[in-house]
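User: I am new to this structure and would love a close look at one part of it. Could you walk me through how some of its helices pack?

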Amino acid sequence: MRRSRAFIPTTKEAPSDATLASHIFLSRAGFVSQVASGLYNYMPLGKRVIKKIEKVINEEMSKAGAQEVELSFVTPADLWAESGRIEKFGKELLRFRDRKENLFVLGPTHEEMMVDLVRNRVTSYKQLPMNLYQIKTKFRDEARPRFGLMRGREFIMKDGYSFHANEADMDREFDAMEEAYKKILIRLGLDFRIVEADSGAIGGSGSKELMVIAGSGEDTIAICSKCEYGANIEAAIRTPRTDLPEAPEGAFNKFQTPAIKTIDDLAAFFKIDPYYTIKCVAKRVIYEEDSEIVLYFLRGSDNLQEVKALNAAGALDITDVSEEELQELGLIPGFIGPLDQSKAKHVMDIELKGATSMVCGANESDQHFVNVDLSILDEAAYFYDIAEVNEGDCCPRCDGTLSFTKGIEVGHIFKLGTTYSAALKAEFLDENGKAQPFVMGTYGMGVSRLVAAIIEQNHDENGCIWTKESAPYMVNIMVSNIKEDAQVALGEELYANLNNLGIETMLDDRKERFGFKMKDAELIGFPYTVIIGKELESGLAEIYVRATNEKISVNASELVTKIRELI
RNA sequence: CGGGGUGUAGCUCAGUAUGGUUAGAGUACCUGGUUUGGGACCAGGGGGCCGAAGGUUCGAGUCCUUUCACCCCGACCA
């Protein structure tokens, strides 16, 4: 492509509402433009990057034996009613009626559609396993789209679905998809981590997220210093600590603790480590029909992990509770303890099971119990892992320690099981001629989010730095001064040669000055820019390497060889 | 959905407290000239329903009412 003919509207200034590097540079360099909240146009460069990423995905999916399909974007609402997700998805589903008043939704994900496609077409265990995927625009009417391509309402996602005769085969495919996803991210040149994840609303028996490591990521992940263990903070677990602080001594007793309401005050009052105190976090948990207040108890040194708390209660949603609501139940904020279970449902953190030497609220104003032995609750209470891991906690897999980092979730793979196949009655006949629902896996990867993630991880103050398999063009040929015939001639020759070799090349033949064109090349982020300029008089040109900011001086006659060597 | 903010030229913004010529700057764009290794310079030029609707006023970008859009924090979220 000739730059003089290309539609690449670069700007010096960023849109005022852009905050993330990827958003700023993708806008400034003319890859995307915003249309409305969470909606973007892809201009030629943006479209090329999308296609590059899709190419990598398609190749790896093909190697892994998956087949590409394309399902309709507009999906009948009936299907969503059948699976029950029309309510669960709520306002995120964009609904509308056609001229015949039939209700449709724009596809936010395609489990229902894919199951519908396969049911009654794949009918025998002999046809299994089968892995079908598509790369397609999705629409979710997000409450708050943000960060450019990172969280749009309309976005491009690769979504794959596998069908199996049994769990073991689904597990095998799940591992194969994890491998394939790994290869995709490696080819795209990304630094990432595969982490354990909460399965969330989609459900199923297990899931993993692919996190691109970036400070601007919206997710916190805990990773081990020694082994491969990594988990989203929502799902991270730990080995209970062994370096216990000194336990308080004495017998069970009730103490006056006037106005001592916080864990810090309590620990200071008794001169003990917060590890030996019991914290109560009250939440209102919301079920499909009703809601209730649940008291979550954990060690004073821990914090409640809300996703874990939600799962422990089997609830749909969890919200805060006011002091007034607690008082109505006869609970006294600041002095709530686990020994009186009559006023609300209790959930105890698993690490409180059998705990001794504890200090906890006495459920009376200004009173705490000391030296409580919680093993008396072993039978009566409900224990669950509800604590959020802390930095420095012990890895659950080895003796390393956990630390936190931020990640961008670019992929999420699920062991779905029979949730959707059972709901939609998608069955096959097994060896015994018995009807069974498909055992399914589902594998998502955010294509447009990957565009942003690549730039979040690969940019400097001057602009984008595309990795080799994501770059819109591999080489940019910059003719410094188009009034110099020799420069132009070499540029044209090189341009023709590289094109013939199938190397995607841009020829910057604009009547602009050197600095202007360099800034532009840096902003766009071509991996290599050939600078044809003054030194041509001595037969030399330069290759500017965007990733390292190096300029390599090369004999004009050896440019093609050198470029082939580099890419 | 709660809290906050912003809408003026393609883009980034001034002007609005205290209403008053023809609404400004920078940048981008067009013409001509000079320049040509780090977003050049000079001269000339085009470009605006001041988010929308209603109102107050002799007069509204500026005041009032309504409304829409976008952004940020939170809630929510593959």
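How are α1 and α11 oriented to each other, roughly parallel or roughly perpendicular? Please start there, and then tell me about the surroundings of these helices.

Analyst: Happy to help! Please keep in mind that this is a predicted model.

Let us begin with your pair. Helix α1 covers residues 21-28, and its partner α11 covers residues 447-457. The axes of α1 and α11 cross at roughly 105° and come within 8 Å. Angles of 65 to 115 degrees count as roughly perpendicular, so α1 and α11 are roughly perpendicular to each other. To find the place where they touch, look for A21, S22 and L26 on the α1 side, which meet V451, A452, I455 and E456 on the α11 side. By class, this contact of α1 with α11 has five nonpolar residues, one polar and one charged.

Next to look at is a small piece of empty space. Rolling a probe the size of a water molecule over the atoms shows where such space is left. In this structure, one cavity reaches 30 Å³ or more, and the largest cavity holds about 30 Å³ of space. Its lining is made of S22, H23, L26, V32, Y40, F147, G148, L149 and A452. Some of these names should look familiar: S22, L26 and A452 line the cavity, and S22, L26 and A452 also belong to the contact of α1 with α11. Helix α1 provides the largest share of the cavity lining, with three residues. The lining has six nonpolar and three polar residues, and no charged ones.

Helix α11 has another partner, α2, which spans residues 44-63. Two packed helices are described by the angle between their axes and the distance between the axes. For α2 and α11, the angle is about 110° and the axes lie 10 Å apart. This pair is therefore roughly perpendicular too, and α2 passes α11 in a right-handed crossing. On α2, the contact is made by V49, I50, I53, E54 and I57, while α11 contributes V447, S448, L450, V451 and I454. Eight of the residues in this contact are nonpolar, one is polar and one is charged. V451 is worth finding in the view: this α11 residue takes part in the contact with α2 and also in the contact with α1.

For a contrast in angle, turn to α12 (residues 485-500) and α14 (residues 559-566), which pack at about 45° with their axes 11 Å apart. Here the helices are therefore oblique to each other, and their crossing is right-handed. L490, L494, N497 and L498 of α12 meet L559, V560 and I563 of α14. The contact has six nonpolar residues, one polar and no charged ones.

Finally, a stop at an open space. The second largest pocket has a volume of about 360 Å³. Among its 19 lining residues, K261, C280, P333, G334 and I336 lie nearest its centre. Strand β14 (278-286) is one of the elements supplying at least two lining residues, along with α7 (263-270), α9 (323-328) and β19 (358-361). The most comes from β14, with five residues. By class, the pocket lining has 12 nonpolar, four polar and three charged residues.

Notes: Residues are numbered from 1 along each chain as its sequence is written. Chains are lettered from A and ligands numbered from 1 in the order in which they are written. This is a predicted model: local features need pLDDT of at least 70, side-chain atom pairs count only at pLDDT 80 or more; totals for chains, interfaces and linings use all residues. Side-chain values use heavy atoms; hydrogens and water are left out. On a 1 Å grid over the protein atoms alone, a cavity is a set of points where a 1.4 Å probe fits but cannot get out, and a pocket is an open set with protein on both sides within 12 Å along at least five of seven lines; lining residues have an atom within 4 Å of a point. Grid points are joined across faces, edges and corners, and a volume is the space filled by probe spheres set on the points. Helices (H or I, at least four residues) and strands (E, at least two) are DSSP runs, numbered from the N terminus. Ala, Val, Leu, Ile, Met, Phe, Trp, Tyr, Cys and Pro count as nonpolar, Asp, Glu, Lys and Arg as charged, and the others, Gly among them, as polar. Axes are lines fitted to C-alpha atoms, for helices over the stretch in contact, and angles run from 0 to 180 degrees between N-to-C directions. Angles under 35 degrees count as roughly parallel, over 145 as roughly antiparallel, 65 to 115 as roughly perpendicular and the rest as oblique. A crossing is left-handed if the near helix is turned anticlockwise from the far one by less than a right angle, and right-handed if clockwise. Contact means heavy atoms within 4.5 Å.
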